[in-house]
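Good morning, colleagues. I should like to take a few minutes to go through one structure with you. Please look at the display as I speak.

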2 protein chains.
Amino acid sequence: MASLGDLERSVMDLLWDSTEAQTANSLRDALAHAGAEDGKELAVTTVLTVLARLEKKDLVARERDTRPHQYRAVMSREEHTVELMNEALGNVMDREAVLARFIGGISGGEAAALRRLLEGPAAEAARPLDSGTPHTTSGQSA
Amino acid sequence: MASLGDLERSVMDLLWDSTEAQTANSLRDALAHAGAEDGKELAVTTVLTVLARLEKKDLVARERDTRPHQYRAVMSREEHTVELMNEALGNVMDREAVLARFIGGISGGEAAALRRLLEGPAAEAARPLDSGTPHTTSGQSA
DNA sequence: GAGGTATTCTACGTCGTGTAGAAGTTATTC
DNA sequence: GAATAACTTCTACACGACGTAGAATACCTC
């Protein structure tokens, strides 16, 4: 219940980038974006279906009040990625062993960044960093 | 090409545990294990099919010389998990942002372990730690 | 070589995803 | 306010991954 298909990912990419730019997205946007991504001309309903599925997966929130519905990513790309990583980790007993192997494979720059985050003020690393993180707190009236 | 189904995971769990215990596994073992896991009595061919699929996915190596073929996990559970994590990470631009959020969510003990691994002799963390890691270097004659 | 065990081949049901038509709803415009 | 255009919902099909397994074939043992 996590990994995305190609089209789904394409749509999420748009929504994620738009979230950063504080922009809302309509079906048209998604259609244009997805179409541009793989050169194909998709049907409107195709993208709509994908959006609906992403909504059901709680990856996308839909503003049903506005006329052309507005779509937003529920969580950031980074948060989603972390969820995937934790999902992968969820199945192992020895999490530390996995983490050891994991950091053995990251780049020097990333290792340095991790070191900084872990050494620095612990609060900063432990804080959920709620800056600009989108939430699902909308009316959602039927 | 990564995440596993329930039966596949069940079989892999056996193989992974056996790898640690330096034990080889036959179809019988897998059948018994998978059957015990979810209480159901599976058909032999079912497990065989799963094993074949896992082999095709390069998650399992099969010793075809011995009569009841012997099955082994190609990589450890930890290595596989790391692969999944990297697969998740593969799609993002800002890896460091993800890592920041990721370590924000791990436990104190794990953070401490990471700190130890990152601060300690860098060589130890950077080394692929090849202790007991199974490889696919077998005859594999048709 | 008969009998049992192991392996391969083939196949079907289900679910997730890409894809989209048909029909219904809402807004716009004259 | 009726035609029209845009938008949304419903429904459906194809395909690949996975669970499941029967039928057929290969292999070993006595």
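Helix H3 of chain B gives 4 residues to the surface near DNA strand D, the largest share of that surface. Please bear in mind that this is a predicted model.

Which residues come nearest to DNA strand D? There are 24 residues around the strand, and A:Arg62, A:His69, B:Asp6, B:Thr49 and B:Arg53 are the ones that come nearest. By class, this surface comprises 11 charged, 7 polar and 6 nonpolar residues.

Let me turn to the DNA side. Of the atoms of strand D that lie within 4 Å of the protein, sugar or phosphate accounts for 59%, and bases make up the rest.

Several polar contacts involve phosphate oxygens. A polar backbone atom of A:His69 is 2.5 Å from a phosphate oxygen of DNA strand D. For B:Leu7, a polar backbone atom is again involved, with a phosphate oxygen of the strand at 2.7 Å. B:Thr46, by contrast, uses a polar side-chain atom, which lies 3.3 Å from a phosphate oxygen. As for the elements that give two or more residues to this surface, chain A supplies helix H2 (27-37) and helix H3 (44-56), while chain B supplies helix H1 (6-20) and helix H3 (44-56).

Finally, the strands of chain B. Strand E1, residues 60-63, pairs with strand E2, residues 70-73, in the antiparallel sense over 4 bridges. Within this pairing, B:Ala61 stands opposite B:Arg72 of E2. The two strands are joined by a hairpin through 6 residues.

Notes
Residues are numbered from 1 along each chain as its sequence is written. Chains are lettered from A and ligands numbered from 1 in the order in which they are written. This is a predicted model: local features need pLDDT of at least 70, side-chain atom pairs count only at pLDDT 80 or more; totals for chains, interfaces and linings use all residues. Side-chain values use heavy atoms; hydrogens and water are left out. Two strands pair if DSSP finds at least two bridges between them. A residue is near a molecule or strand if one of its heavy atoms lies within 4 Å of it. A polar contact is a pair of N or O atoms within 3.5 Å; within protein, one must be able to donate a hydrogen and the other to accept it, and residues adjacent in sequence count only if both atoms are side-chain atoms. Ala, Val, Leu, Ile, Met, Phe, Trp, Tyr, Cys and Pro count as nonpolar, Asp, Glu, Lys and Arg as charged, and the others, Gly among them, as polar.
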